[in-house]
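Reader: Before the terms are applied to this model, I should like to see each of them justified. Please set every value against its criterion.

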Amino acid sequence: MALRLHNTLTRTKEDFTPIDPENVRMYVCGPTVYDFAHIGNARPLIVFDVLFRLLRHLYGESHVTYVRNITDVDDKINARAAEEYPGRPLNEAIREVTRRTEAQFRADVAALGCLEPTHQPRATEFICDDGQPEDMIRLITRLIERKHAYVAEGHVLFDVPSMADYGRLSNRTLDEMLAGARVDVAPYKRDPMDFVLWKPSKPGEPAWPSPWGNGRPGWHIECSAMAGALLGPTFDIHGGGIDLVFPHHENEMAQSRCAHGTSTMANYWLHNGFLQVEGEKMSKSLGNFVTIRDVLKDWPGDVARLAMLGTHYRQPINWTLASLKEARTVLREWSDASEGATGGEVAPDVVEALSDDLNTPLAIARLHALRKAKDGEALVASMGMLGIGRLVETTADIGIDATRVAALIAARAAARKAKDFAEADRIRGELDAMGIALKDAKDPPTGELVTTWEVKR
Ligand code: AMP
Ligand code: ZN
């Protein structure tokens, strides 16, 4: 059965035809790294991981490119850094916050059973390098040249009326867009809808040199630049939560299309519905704010994942204790039924269910049928399609201690600095034994060694 996906752009379920079946390309907006990710943020991570797995199954593992970015430049990050590290230079404080939060995030998504995307670019690596313009600055320059953007008082703004079909993705009236965007009516804007591509930085704030003065990028341009750099001007699938349709995705699409002169940025736009906790909107003020970390303290990642996939991704989901308990019961049954199985073929009807716009509730029903039929081999393989493993009921299997990993990486960096390579190697070995693989790279802005890690599978 052909893959069909609901496309926000056309508001219909369509057959999926990739631009290049040898390289199916997907971009999903990633986290802004200033705080623990919450269980609502886990939804797009899990949903698009299932789509990534399905695409790999259908087109071949090496024929899918998945990009999920890390937003490490944002005013919320600046505010958090200043609050947490008063008296420290802001740039250093920001680095502390973003690096720590990124490590927490990576540990959380791994514990939820998500594969590493092909690329996880950081926004700050696409602004400029050694004063030389990188993708974001080049994209903004192109938009100005093409008369889709203008400079005003140190800002660069996207000229919304210059684009005839702006609003196509969100399908809103101008009044609705104005209300939804909550844009500042700044005096330097030609049109109230115009949005910021580049803004000046105050002394002490993070700043990069640009043709328009020292400043920093707006949020939307980051994704256009990273998607363009890693996937090309037009690619197959763009995903995120429903709240991102407007203004973020509308603006990403406007920037990319106008800069590259293309009729679309991505052919299929997919959006997951929102998550509520016990029937209420999750918010810190209501006291029902649940981080992924909170959930993983009490529940294996596979249970949380199964609970999430019990609702179709486009529907709103109600995150409840009852649904977690039920998922645990189900996963125990599946685990018992597949004891000793080494993994056979994925059941075709499970692939078929997922191919119908990621119908995970139907796929789960078919997994139940495999259990009833006592087909443990197909059951394990098909659970794997959903990224769910057999339950191992020990707490040690629940997650990775990211704090310990970070401490060991810091100790290794210190050992290397002191030229104690034997100790550095010993620490690498210790991490290896924990199932953690290290990757060393130079940080472009500073030339300093940066070590990232991933869980070996
Ligand atoms: P943010 O950090 O707010 O930009 O969100 C990161 C991702 O999580 C985006 O794709 C959001 O659409 C998604 N997201 C945020 N809150 C929720 C929620 N309550 N339910 C589902 N998805 C959410
Ligand atoms: Zn984005």
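Author: In this predicted model, a nitrogen atom of ligand 1 lies 3.4 Å from an N or O atom in the side chain of Asn-272.

Reader: What makes the pair formed by ligand 1 and the side chain of Asn-272 a polar contact?

Author: A polar contact requires a pair of N or O atoms within 3.5 Å. The Asn-272 pair is 3.4 Å apart, and it therefore qualifies. A polar side-chain atom of Asn-41 is 3.1 Å from an oxygen atom of ligand 1, and a backbone N or O atom of Gly-40 is 3.1 Å from a nitrogen atom of ligand 1. The residues surrounding ligand 1 include His-38, Pro-44, Asp-243 and Phe-274.

Reader: Why are helices α9 and α10 called roughly perpendicular?

Author: The axes of α9 (residues 301-309) and α10 (residues 321-337) cross at roughly 110°. The class covers 65 to 115 degrees, so α9 and α10 are roughly perpendicular to each other. Their crossing is right-handed. Among the residues in contact are Val-303 and Leu-306 of α9 and Leu-324 and Trp-334 of α10. By class, this contact has nine nonpolar, one polar and two charged residues.

Reader: Why is α6 described as oblique to α7?

Author: Helix α6 (residues 219-231) packs against helix α7 (residues 245-260) at an angle of about 55°. Roughly parallel needs an angle under 35 degrees, and roughly perpendicular begins at 65; α6 is therefore oblique to α7. The axes are 9 Å apart, and the crossing is right-handed.

Reader: Which residues of α6 and α7 meet?

Author: Trp-219, His-220, Ile-221, Cys-223 and Ser-224 of α6 meet Pro-247, His-248, Asn-251, Glu-252, Gln-255 and Ser-256 of α7.

Notes:
Residues numbered from 1 in each chain as written. Chains lettered and ligands numbered in written order. Predicted model: local features only at pLDDT ≥ 70, side-chain atom pairs only at ≥ 80, totals over all residues. Heavy atoms only, no water. Axes fitted to C-alpha atoms, helices over the stretch in contact; angles between N-to-C directions. Helix = DSSP H or I, 4+ residues; strand = E, 2+ residues; numbered from the N terminus. Parallel < 35°, antiparallel > 145°, perpendicular 65-115°, else oblique. Left-handed = near helix turned anticlockwise from the far one by under 90°. Contact = heavy atoms within 4.5 Å. Nonpolar A, V, L, I, M, F, W, Y, C, P; charged D, E, K, R; others polar. Near = heavy atom within 4 Å. Polar contact = N/O pair within 3.5 Å; in protein donor to acceptor, adjacent residues only side chain to side chain.
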